[in-house]
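Hi everyone, thanks for coming. Let's take a few minutes to walk through one structure together, so please have a look at the screen.

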Amino acid sequence: MSLKSKFKSMFLAKEEERARLLEMQEMHERGQQFVDNHLRTVSVRLDPFVLAQIDGLAHYLEESRQTILDQIISEGLQEAVEGYGSVFTEQDEFFTEFFETCRQAAREGKTFKEVAYQRSNEE
């Protein structure tokens with residue numbers, strides 16, 4: 001399989017996965033809209049080779065580094081949360097609690113850990 005066809009098939013698989021994740025994300029749209037309106041800056045230290053790969057994708061896709069990183073983080077995070085949540089018997093309950101805690105943390109300007117700790121103390 002050529003590199004081009006391999007990348008194309010990987011892209012198509014990602015698109016299918018993305019469509020599935022978008023369905024899940026619709027449940028949490030209100031929280032996401034809040035976050036979109038209140039973006040925060042974060043810093044990350046990257047290996048020069050990783051940064052070169054990000055810049056390379058940005059160059060070839062004619063996008064900004066910010067756009068590439070946003071897509072990688074957003075999609076990768078959704079996959080990570082889904083993967084972590086998949087081990088639970090009550091997946092819907094996990095996802096509901098997880099995203100509600102995230103929304104509350106974003107609303108209150110707190111970390112996830114602070115909100116989760118606060119909730120555990122209330123119980």
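How much space lies in the second largest pocket? About 720 Å³. Before I go further, please keep in mind that we are looking at a predicted model.

So who lines that pocket? There are 16 lining residues, and Phe7, Phe11, Lys14, Leu57 and Glu75 are the ones nearest the centre. If you want to find the place on the fold, look at α1 (3-26), α3 (48-61) and α4 (65-85): these are the elements that give two or more residues each to the lining. As for the chemistry, 8 of the lining residues are nonpolar, 2 are polar and 6 are charged.

Let me stay with Glu75 for a moment, since we have just met it at the pocket. Which residue does Glu75 form a salt bridge with? The partner is Arg18, and the closest N and O atoms are 3.7 Å apart. Arg18 sits in helix α1 and Glu75 in helix α4, so this pair links distant parts of the chain, 57 residues apart. Are these two buried or exposed? Neither, in fact: Arg18 has 37% relative accessibility and counts as partly exposed, and Glu75 is also partly exposed, at 27%.

Helix α4 has a second link to show you. Arg65 forms a salt bridge with Asp55, and here the closest N and O atoms are 2.7 Å apart. Because Arg65 lies in helix α4 and Asp55 in helix α3, the pair ties together parts that are 10 residues apart in sequence. Arg65 is partly exposed with 41% relative accessibility, and Asp55 is partly exposed with 29%.

How many salt bridges does a search of the whole structure find? The count is 6. Another of them joins Lys110 and Glu108, whose side chains meet at 3.4 Å, N to O. Lys110 is partly exposed, with a relative accessible area of 33%, and Glu108 is partly exposed too, with 39%. Then there is a small group to pick out on your screens: Glu100, Arg103 and Arg107 are linked in a network of salt bridges.

Now for the aromatic residues. The search of the whole structure finds 7 aromatic pairs. Take Phe88 and Phe94: their ring centres are 4.8 Å apart and their planes are at 10 degrees, and since planes under 30 degrees apart count as stacked, this pair is stacked. Phe94 also pairs with Phe95, but there the arrangement is edge-to-face, with 5.3 Å centre to centre and 65 degrees between the planes. So Phe94 takes part in a stacked pair and in an edge-to-face pair.

What about burial for these three? The cut-off for buried is under 20% relative accessible area. Phe94, at 16%, is therefore buried, and Phe95, at 7%, is buried as well. Phe88 has 33% relative accessibility and counts as partly exposed.

Finally, which residues form the aromatic cluster? Tyr84, Phe88, Phe94, Phe95, Phe98, Phe99 and Phe112 form one cluster together.

To wrap up, here are the places I would like you to take away: the second largest pocket, with Glu75 among the residues nearest its centre; the salt bridge from Arg18 to Glu75; and the aromatic cluster that includes Phe88, Phe94 and Phe95. Thanks, and I'm happy to take your questions.

Conventions: Residues numbered from 1 in each chain as written. Predicted model: local features only at pLDDT ≥ 70, side-chain atom pairs only at ≥ 80, totals over all residues. Heavy atoms only, no water. Phe/Tyr/Trp six-rings, centres within 6.5 Å; stacked < 30°, edge-to-face > 60°. Buried < 20%, exposed > 50% of the residue type's maximum accessible area, 1.4 Å probe, protein only. 1 Å grid on protein atoms, 1.4 Å probe; cavity = no way out; pocket = protein on both sides within 12 Å on 5 of 7 lines; lining within 4 Å. Points joined across faces, edges and corners; volume = space filled by probe spheres on them. Helix = DSSP H or I, 4+ residues; strand = E, 2+ residues; numbered from the N terminus. Nonpolar A, V, L, I, M, F, W, Y, C, P; charged D, E, K, R; others polar. Salt bridge = Lys/Arg side-chain N within 4 Å of Asp/Glu carboxyl O.
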